[in-house]
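Colleague: Could you take a close look at one part of this model for me and go through it slowly? I am new to this, so please explain the terms as they come up.

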Amino acid sequence: MAGLDRRKLVAVAVLLVLACALPFVIGNYRVFQATLVLAYAIALLGLNMLTGYNGQISLGHGAFYAIGAYTAAILMDKLGLPYWATIPISGAVCFVVGFLFGLPALRLEGLYLALATFALGVAMPQILKHEGLAHWTGGSQGVVIVKPDAPEWTGLSQDQWLYFFTLAWVVVFFVVAWNLLRGRIGRAMVAIRDQPIAAQAMGVNTSLVKSLTFGVSALYTGAAGALGAIAVQFVAPDSFNIFLSLTLLIGVVIGGLASISGAFFGAIFIQFIPNIADQISKAAPWAIYGIVLIAFMYMMPTGIAGFLRLARARLARRARP
Amino acid sequence: MDLFLHQILAGLATGGIYASVALALVMIYQATHLVNFAQGEMAMFATYLAWALLQAGVPYWGAFAITVASAFVLGVALERIVIRPVENSPILVIVIVFIALLVIFNSVAGWIFSYTIKPFPSPFPAQPLFGNSYVSSHELGSTAITLVVLLLLFVFFRFTPLGLAMRAAAQNPVSSRLVGIRVGWMLALGWGLAAAIGAVAGMMVAPTVFLEPNMMGGVLLYAFAGALLGGIDSPGGAVLGGFIVGVLENVVGAYVGTELKLTLALVVIVGVLVVRPSGMFGRVNVVRV
């Protein structure tokens, strides 16, 4: 991997080793939570491509997460496909849906796009509950998924196996994203965000890149939804309400816009901060959550990744007088 | 035919509520070019305040006035204390702060007043006015109040020096500052007005949907749809858009089924954005390269 200096490579390798060791030192419930963090990280990476790199705000990515989750559930429950085969299919379905939604969204910018996607996010649970689809989606009851067993030779528990399965997908998705964003397409995406007219003048096919970004972003989020659904073993319309979409956007901004590592910080934030808020105040946990959010935005407007980058730069400056 | 007529009239009444929330959204949009996602929850919180006052024995219109006034103060305070520090941040940071406000208001309301559904009184008599059988007097009364609020706003913006200053601050902040308008305070005033309008809308909607922390969720979405339909920078258009969405919602609910009501809002929003992004009465923004 050209462009990744040795220090970073070592850091990534160390993190990967730690990630592999993690499920052997914590309990099964914590492993399950860690699996969800990994799934969220993929979703956040997808949304970050769209919002952070391409500058299109989406308040409805929970809808794509839901579509991915439902695709996986239906494939496993109704068609009897093995769990590992559902991830690429869910991703592909979401890519098509995202690309198609991205076409009308091309005409919209900033706020208007945010509103259109917001409406998508709000309407999703209702669409999933609709009678016409109830045969497939199970209506408001949802669909129950059987938790996959680990292959015998591994000797792992179900939760541990699922964790490693998700981790493998994380590695695949992050390597692909890293290459995509550093390359020609990534530069085109950033150029469209910063100077759409100049980008067009330079020969970037803005409408194609924008709708493709929408599609790829939906693909990531959809695959994450499928992984999350397998981990939770259950999909129901009401778990994919508008708060999921808002949570994903919160994760992206808290983690750090236009930053790959930010996806992990954001995922940890959205998985654990609500729990912590719940411990601080049983009566009004979401009020604590909101205050934490505002505090983060005041202190780190560029997100955790941006804050770390700044802190590192400041330390480096101080180190050499 | 009778049913159809009734649906349209009832739709106009709910449309009145959407129109007032849409109006509040447009107010903040005009002043700051931001859409306040917390608008609905602010209105809900103000309605709880009114409920608490009524419980304490304050007469209805007294509680009404106190609530509108405190919502105004709350709106101004929010702008000065919470929004101002992030004023010049990227738009996403501000959006996150709005979302944070939304969950804070929702949670605090649930904490103070509990999540149980409460009935909220209507100021209008229970029997229909003028002996008609189509529309209840609450529906008629709340529509009238919406129209009065719109008229007051129009007069305020069109004929008072303060209204002129607010319009100027929104349109061209730099030049306004040069002629001595305190732009920061105009923004705060805009927030206060929007919060007050939201409070009126909340008190008008509460008798029909009942008072609970999540009561404004659907209303906010329809208000968005209405504001977009009419044109997000046109107060009159937003009101008309709100009425149209209300009628559409009721007619679709009656003839197609209630479970797709929210999806209708999605269809309206996407449809408007694709066919005519500036809405019916909005200005088309031309950007110079």
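Modeller: Let's start with how chain B is held together by contacts, where two residues are in contact if their C-beta atoms, placed from the backbone, lie within 7 Å. Counting contacts in chain B between residues at least 6 apart in sequence, 75% of them join residues at least 24 apart. Please keep in mind that this is a predicted model, in which local features need pLDDT of at least 70 and side-chain atom pairs count only at pLDDT 80 or more, while totals for chains, interfaces and linings use all residues. As for the labels, residues are numbered from 1 along each chain as its sequence is written, while chains are lettered from A and ligands numbered from 1 in the order in which they are written.

What is chain B built from? Its secondary structure comes to 11 helices and 0 strands, and these are DSSP runs numbered from the N terminus (H or I over at least four residues for a helix, E over at least two for a strand). Reading along the sequence, you would note the pattern α-α-α-α-α-α-α-α-α-α-α. The radius of gyration of chain B, taken over C-alpha atoms, is 19 Å, close to the 19 Å that the globule rule (2.2 Å times the number of residues to the power 0.38) gives for 289 residues, so chain B is as compact as a globular protein of that length. The C-alpha trace of chain B spans about 55 × 50 × 35 Å along its principal axes. Of the 289 residues of chain B, 48% count as buried; that means 20 or more other C-beta atoms within 10 Å of a residue's own, whereas 12 or fewer would make it exposed and anything in between partly exposed, with C-beta atoms placed from the backbone.

Now let's zoom in on one helix, α2 of chain B, and two of its partners. Two packed helices are described by the angle between their axes and the distance between the axes. The axes are lines fitted to C-alpha atoms, for helices over the stretch in contact, and angles run from 0 to 180 degrees between N-to-C directions.

The first partner to look at is α8. Helix α2 (residues 39–55) of chain B packs against helix α8 (residues 183–209) of chain B at an angle of about 65°, and their axes are 7 Å apart. The crossing of α2(B) and α8(B) is right-handed, meaning that the near helix is turned clockwise from the far one by less than a right angle, while anticlockwise would be left-handed. From α2(B), the residues that take part include Met42(B), Ala43(B), Ala46(B) and Ala50(B), and across from them α8(B) offers, among others, Ala195(B), Gly198(B), Ala199(B) and Gly202(B). The residues of this α2(B) and α8(B) contact divide into 11 nonpolar, 4 polar and no charged. Here Ala, Val, Leu, Ile, Met, Phe, Trp, Tyr, Cys and Pro count as nonpolar, Asp, Glu, Lys and Arg as charged, and the others, Gly among them, as polar.

The other partner is α3. Helix α3 (residues 60–83) of chain B packs with α2(B) at an angle of about 145°, with the two axes 9 Å apart. The crossing of α2(B) and α3(B) is right-handed. On the α2(B) side the contact uses Ala46(B), Leu49(B), Ala50(B), Leu53(B) and Leu54(B), and these meet residues of α3(B) including Tyr60(B), Phe64(B), Ile66(B) and Ala71(B). By class, the contact of α2(B) with α3(B) has 10 nonpolar, 2 polar and no charged residues. If you follow Ala46(B) and Ala50(B) in the viewer, you will find them in the contact with α8(B) and in the contact with α3(B).

Finally, let's step outward to the neighbouring chain. There, 34 residues of chain B are in contact with 35 residues of chain A. On the chain A side, α5 (110–129), α11 (242–255) and α13 (285–299) each supply at least two of the touching residues. Helix α5(A) gives the most, with 12 residues. That side of chain A has 29 nonpolar, 4 polar and 2 charged residues. Chain A itself has 14 helices and 2 strands, and 50% of its 321 residues count as buried.
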